[in-house]
Amino acid sequence: MEKKYPLPPFTKETAKEKIKKAEDAWNSKDPIQISKAYTLDTEWRNRDKFINGRAEVQVFLADKWNNELEYKLHKKLWTFNDNRIAVTFEYEYKNKQGQWFRAYGNENWEFDANGLMQKRYASINDVSIKESDRKL
């Protein structure tokens, strides 16, 4: 069984390391590689979508970055405990019509003993912005 370090139980330092690895992976926009950080039967809620398993994660992410162009993400630790981490995040992207957005949200993560994320629950809000207002 593959392990994704750091493993739970998390400390403040290892939780921040896990978050940075997730941020870097998502900024790569590589659905196959990103999906390898999740259990085979991972369970997600992302906005109004319910996603189950790595195959669905890959399809979801490919579609996401087909529509969210020039995507850039930043995550921050909110809190952690044992095998769970909560993060706040913001990301920016533009749609196919050229309108820029900044998305804000929270994610709750739960990991198995091998450091693979088994649950990911995301609440996300989008705000339209001018290109000149970009921060990321």
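## Elements and the model

Helices, which are runs of H or I with at least four residues, and strands, which are runs of E with at least two, are taken from DSSP and numbered from the N terminus. With those names in hand, D82 can be placed in the loop between β3 and β4. The model described here is predicted, and every value below should be read with that in mind.

## The nonpolar core

In soluble globular proteins, nonpolar side chains tend to be buried together. In this model the largest nonpolar core has 27 residues, and those with the most contacts inside it are W26, W44, L61, I85, Y91 and W109. Two or more core residues come from each of α1 (12–28), β1 (38–46), α3 (54–67), β3 (69–81), β4 (84–94), β5 (100–111) and β6 (117–129), with β4 giving the largest share, five residues.

W44, one of the residues with the most contacts inside the core, can be followed further through its neighbours. When residues up to four places away in sequence are not counted, W44 touches W26, Y38, K49, F50, I51, V57, F60, L61 and R120.

## Backbone features

Most residues other than glycine have a negative phi, and most peptide bonds are trans. Against that background, a cis peptide bond joins Y5 and P6, with omega about 0 degrees, and another cis bond, with omega about 5 degrees, joins P8 and P9. P6 belongs to the segment before α1, and P9 is likewise placed in the segment before α1.

Positive phi values are found at K29, where phi is about 60 degrees although the residue is not a glycine, and at D82, where phi is near 55 degrees. K29 lies in the loop between α1 and α2 (31–35), while D82 sits in the loop between β3 and β4. Because its relative accessible area is 34%, K29 counts as partly exposed, and D82, at 45%, is partly exposed as well.

## E110 and N52

Is E110, in strand β5, buried or exposed? E110 counts as buried because its relative accessibility is 12%, which is under the 20% limit for that class. The side chain of E110 makes a polar contact of 2.7 Å with the side chain of R84. Leaving aside neighbours within four places in sequence, E110 is in contact with N83, R84, L116, M117, Q118 and K119.

N52, in strand β2 (residues 49–52), is partly exposed, with a relative accessible area of 44%. Its C-alpha lies 5.7 Å from that of T42, although the two residues are ten apart in sequence. Not counting residues up to four places away in sequence, N52 touches T42 and E43.

## Pockets

Rolling a probe the size of a water molecule over the atoms shows where empty space is left. The largest pocket holds about 290 Å³ of space, and of the 15 residues that line this pocket, K4, K21, A22, A25 and A37 are the closest to its centre. Helices α1 and α2 each supply at least two residues of this lining, and α1 provides the largest share, six residues. By class, the lining of the largest pocket divides into nine nonpolar, three polar and three charged residues.

The second largest pocket has a volume of about 160 Å³ and is lined by N46, R47, D48, K49, F60, D63, K64, N67 and E68. Helix α3 gives the most to the lining of the second largest pocket, with four residues, and that lining has one nonpolar, two polar and six charged residues.

Terms used: Residues are numbered from 1 along each chain as its sequence is written. This is a predicted model: local features need pLDDT of at least 70, side-chain atom pairs count only at pLDDT 80 or more; totals for chains, interfaces and linings use all residues. Side-chain values use heavy atoms; hydrogens and water are left out. A nonpolar core is a set of buried Ala, Val, Leu, Ile, Met, Phe, Trp, Tyr and Cys residues joined through side-chain atoms within 4.5 Å. Buried means under 20% relative accessible area, exposed over 50%, partly exposed in between (1.4 Å probe, protein chains only). Contact means heavy atoms within 4.5 Å. A polar contact is a pair of N or O atoms within 3.5 Å; within protein, one must be able to donate a hydrogen and the other to accept it, and residues adjacent in sequence count only if both atoms are side-chain atoms. On a 1 Å grid over the protein atoms alone, a cavity is a set of points where a 1.4 Å probe fits but cannot get out, and a pocket is an open set with protein on both sides within 12 Å along at least five of seven lines; lining residues have an atom within 4 Å of a point. Grid points are joined across faces, edges and corners, and a volume is the space filled by probe spheres set on the points. Ala, Val, Leu, Ile, Met, Phe, Trp, Tyr, Cys and Pro count as nonpolar, Asp, Glu, Lys and Arg as charged, and the others, Gly among them, as polar.
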